[in-house]
Amino acid sequence: VGYLNTWDNFPNNLDKVDFSKITHLNIAFANPDVSGNLTVFGGLSVVVNKAHANNVKVLMSLGGADLGGTKKNWKDLCDSSNVKKFCNKILNYLQSNDLDGVDIDLEGNIIGNNYGNFIKTLSGKIKPENKLLTAAVATWFANHIPVSSFTYFDFVNIMSYDATGPWDPGNPGPHAPYSMAVDDINFWSKKGLPQDKMGLGLPFYGWGFYNAVSQDEYAYNDIVKQYHGAQNKNKAGDTIYYNGIPLIKKKTALAMQKASGVMIWQVTEDAKGDKSLLNAIHETITAKNYFINKSFPSPESDISVYPNPTQGVIKFIFKGDNTKTITIQLFDSFGKSVLPRQQRKAGDNELNIAAIPAGIYLLVIRKGNESISQKIVKL
């Protein structure tokens, strides 16, 4: 899940989004006026159309950390006497803008004790229309989110960042360390959030201290432009803390083990090419799905594969009985077969993949009761 902001050259900032590596795009943020009418954004249809053309669902995120003058509106509109009418307006907003759902990012005690009833009512309005309902949460306002609301969400993203920042310049340090991700996942799991609804929030920005103190985020893209090799670190200059590629990969692997996905604040702050955090996330998730439920060769395996990487021909070495028939399959990173299943004698030890595009593939070989899976890099 990637957030796209509406205050930085929207909708032209859409050009910074790699739709091939996200499943959901959250537009941040819309808020209600006194009558419950949500913010109108010029160019919203451009964003929705491009996302849908790339099979990405689009949600409007409501709320945000800075509600400005809308705090009273939120409190009044979510009161039991007004909430049904307000939820109808949210549904109309989703339908009129061809949006796939709504994301709720109400931080703190904005609507008093009405959070649970608001979510229940909103779910009752939008779910029959096949709209998604998600939320962004953080441990610091967890007490204001009742466990009963979890049943109504399709998924919940944990904002696992901002442990430190310019609001407390005398407390420098990492604002989103790995330990925080572990603690946050454990916290929400114990609170009752199901693993299959949990997304781990990852920051594409940093905060500065000392001479680097700023009230604005340091975009990851700007950090790696200014500081050589910063993509492989988590601290730069004097002193900016952020998440580099190794840490983002480690957190993504954690999310794939303990949660069900990741959320990004925000996708426009990413770098390109081999410095891209989104690429690192995608590679980690792909690798996880790539080898899930697969067998790997043990040191005692009687099958070995070479050369790897290869430019076109893969060879196999079989120890022991070469009379058994083997089965060979080759899959791409999405689990799609790129070569028909082949059966051959174990002595037939070459596979020509010269016609296959460059990339990473999974070679599965079965011989008797033994099955091995080998990642193959095609140059």
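In the predicted model, strand S8, formed by residues 205-208, and strand S11, formed by residues 240-241, are joined by two bridges and run antiparallel. Within this pair, Ile 240 of S11 is the residue that stands opposite Gly 208. Both strands belong to an open sheet of four strands, in which the order is S9-S8-S11-S10 and the pairing is antiparallel. The edges of this sheet are occupied by strand S9 (218-219) and strand S10 (235-236), each of which pairs on one side only. In general, the strands of a sheet are paired through backbone hydrogen bonds, and the arrangement may be parallel or antiparallel.

The largest nonpolar core comprises 94 residues. Leu 25, Trp 74, Ile 104 and Phe 118 are the members with the most contacts inside this core. Helix H3, which spans residues 83-96, supplies the largest share of the core, namely seven residues. Another core, of 15 residues, lies apart from the largest one and includes Val 305, Ile 353, Leu 363 and Ile 365.

The surroundings of Ile 104 were examined with residues up to four places away in sequence not counted. On this basis, Ile 104 touches Leu 62, Tyr 115, Phe 118, Ile 119, Leu 122 and Leu 133, together with Thr 134, Ala 135 and Ala 136. Phe 118, one of these partners, is itself among the residues with the most contacts inside the largest core. Tyr 115, a further partner of Ile 104, also takes part in lining the largest cavity.

One cavity of 30 Å³ or more is present in the structure. The volume of the largest cavity is about 40 Å³. Its lining is formed by Leu 106, Gly 108, Asn 109, Ile 110, Ile 111 and Gly 112, with Tyr 115 and His 144 completing the set. By residue class, this lining consists of four nonpolar and four polar residues, with no charged residue.

Asp 98 is placed in the loop between H3 and strand S4 (101-105). With a relative accessible area of 42%, Asp 98 is classed as partly exposed, because this value falls between the 20% limit for buried residues and the 50% limit for exposed ones. When neighbours within four places in sequence are left aside, Asp 98 is in contact with Val 48 and His 52. Val 48 and Asp 98 are 50 residues apart along the chain, and their C-alpha atoms are separated by 7.3 Å.

Methods. Residues numbered from 1 in each chain as written. Predicted model: local features only at pLDDT ≥ 70, side-chain atom pairs only at ≥ 80, totals over all residues. Heavy atoms only, no water. 1 Å grid on protein atoms, 1.4 Å probe; cavity = no way out; pocket = protein on both sides within 12 Å on 5 of 7 lines; lining within 4 Å. Points joined across faces, edges and corners; volume = space filled by probe spheres on them. Nonpolar A, V, L, I, M, F, W, Y, C, P; charged D, E, K, R; others polar. Pairing = 2+ DSSP bridges. Core = buried A, V, L, I, M, F, W, Y, C linked by side-chain atoms within 4.5 Å. Buried < 20%, exposed > 50% of the residue type's maximum accessible area, 1.4 Å probe, protein only. Contact = heavy atoms within 4.5 Å.
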